[in-house]
Amino acid sequence: MFTVKLHWIPNTHALLELAAASCGEVFLNLPDGSRADLKRDGAVRQLLRMLQPGEEGLRLSLSDRGDVASFMRYLSEAAL
């Protein structure tokens, strides 16, 4: 698993589309140590829409190495 930490979500809709289009699994890491399937679970997708990452940030786990570049691109383009 590869971890991406987000301190802010500039475009939640684009992030969710990116997760849906990912080759591998995309999980939201929850505070209790469990993982929720961001790619397939509608309730988790709705939860992400409401979250504000803040100082501690949010962690996403990616199962496919090829997806890491897409998530990094999303973050770098959002920073512009």
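Biologist: In which element is Ser-61 found?

Modeller: Ser-61 is found in strand S4. Keep in mind that this is a predicted model.

Biologist: How do I read burial, and is Ser-61 buried or exposed?

Modeller: A residue counts as buried when its relative accessible area is under 20%. Ser-61 has a relative accessible area of 1%, so it is buried.

Biologist: Which residues is Ser-61 in contact with, leaving aside neighbours within four places in sequence?

Modeller: Its partners include Met-1, Phe-2 and Thr-3. Glu-25, Val-26, Phe-27, Asn-29 and Arg-35 also touch Ser-61. Take Val-26 as a case: Ser-61 and Val-26 are 35 residues apart along the chain, yet their C-alpha atoms are separated by 5.7 Å.

Biologist: What share of the contacts across the protein join residues at least 24 apart?

Modeller: Among contacts between residues at least 6 apart in sequence, the share is 68%.

Biologist: How many helices and strands does the protein have, and what pattern do they follow?

Modeller: There are three helices and four strands. Along the sequence the pattern reads β-α-β-β-α-β-α.

Biologist: Why can the buried residues of a helix fall on the same side?

Modeller: An α-helix has 3.6 residues a turn, so residues three or four places apart point the same way. Helix H3, residues 65-78, is a case to try: Asp-67, Phe-71 and Tyr-74 are buried there. These three cover an arc of only 50 degrees around the axis, so they lie on the same side of H3. The face turned away from that side carries the exposed residues Arg-65 and Glu-77.

Biologist: What do the buried residues of H3 pack against?

Modeller: They pack against strand S1 (2-6), H1, S2 and S4.

Biologist: Which residues of helix H2 are buried?

Modeller: In H2, residues 42-50, the buried ones are Val-44, Arg-45 and Leu-48. Their arc around the axis is only 100 degrees, which puts them on the same side of H2. Ala-43 and Met-50 are exposed on the face turned away from it. What covers the buried residues of H2 includes helix H1 (12-21) and the strands S2 (26-29), S3 (35-37) and S4 (58-62).

Biologist: And which residues are buried in H1?

Modeller: Leu-15, Leu-16, Leu-18 and Ala-19 are buried in H1. They cover an arc of only 155 degrees around the axis, and this places them on the same side of H1. His-13 and Ala-21 are exposed on the other side. The buried residues of H1 pack against S1, S2, H2, S4 and H3.

Biologist: Thr-12 lies in H1 as well. What does Thr-12 touch, not counting residues up to four places away in sequence?

Modeller: Thr-12 touches Leu-48, Arg-49 and Tyr-74. Thr-12 can also be compared with Met-50: they are 38 residues apart in sequence and 9.3 Å apart in space, C-alpha to C-alpha.

Biologist: How do I read the radius of gyration of the protein?

Modeller: Set it beside the value for a compact globule. With 80 residues, such a globule would have a radius of gyration near 12 Å, and the 11 Å of the protein agrees. Its C-alpha atoms fill a box of roughly 30 × 25 × 20 Å along the principal axes.

Biologist: What does the protein expose, and what share of its residues count as buried?

Modeller: Of the 80 residues, 35% count as buried. The protein exposes about 4,900 Å², with carbon and sulfur atoms supplying 52% of it.

Biologist: How many side chains are positive and how many negative?

Modeller: There are 9 positive and 10 negative side chains, and the centres of the two sets lie 3 Å apart.

How values were computed: Residues are numbered from 1 along each chain as its sequence is written. This is a predicted model: local features need pLDDT of at least 70, side-chain atom pairs count only at pLDDT 80 or more; totals for chains, interfaces and linings use all residues. Side-chain values use heavy atoms; hydrogens and water are left out. Helices (H or I, at least four residues) and strands (E, at least two) are DSSP runs, numbered from the N terminus. The radius of gyration is taken over C-alpha atoms; the globule rule is 2.2 Å times the number of residues to the power 0.38. Buried means under 20% relative accessible area, exposed over 50%, partly exposed in between (1.4 Å probe, protein chains only). Contact means heavy atoms within 4.5 Å. Accessible areas come from the Shrake-Rupley method with a 1.4 Å probe; for residues, only the protein chains shown count as cover. Lys and Arg count as positive and Asp and Glu as negative; His and the chain ends are not counted. The place of a charge is taken as NZ of Lys, CZ of Arg, CG of Asp or CD of Glu. The arc is that of the directions from the helix axis to the C-beta atoms.
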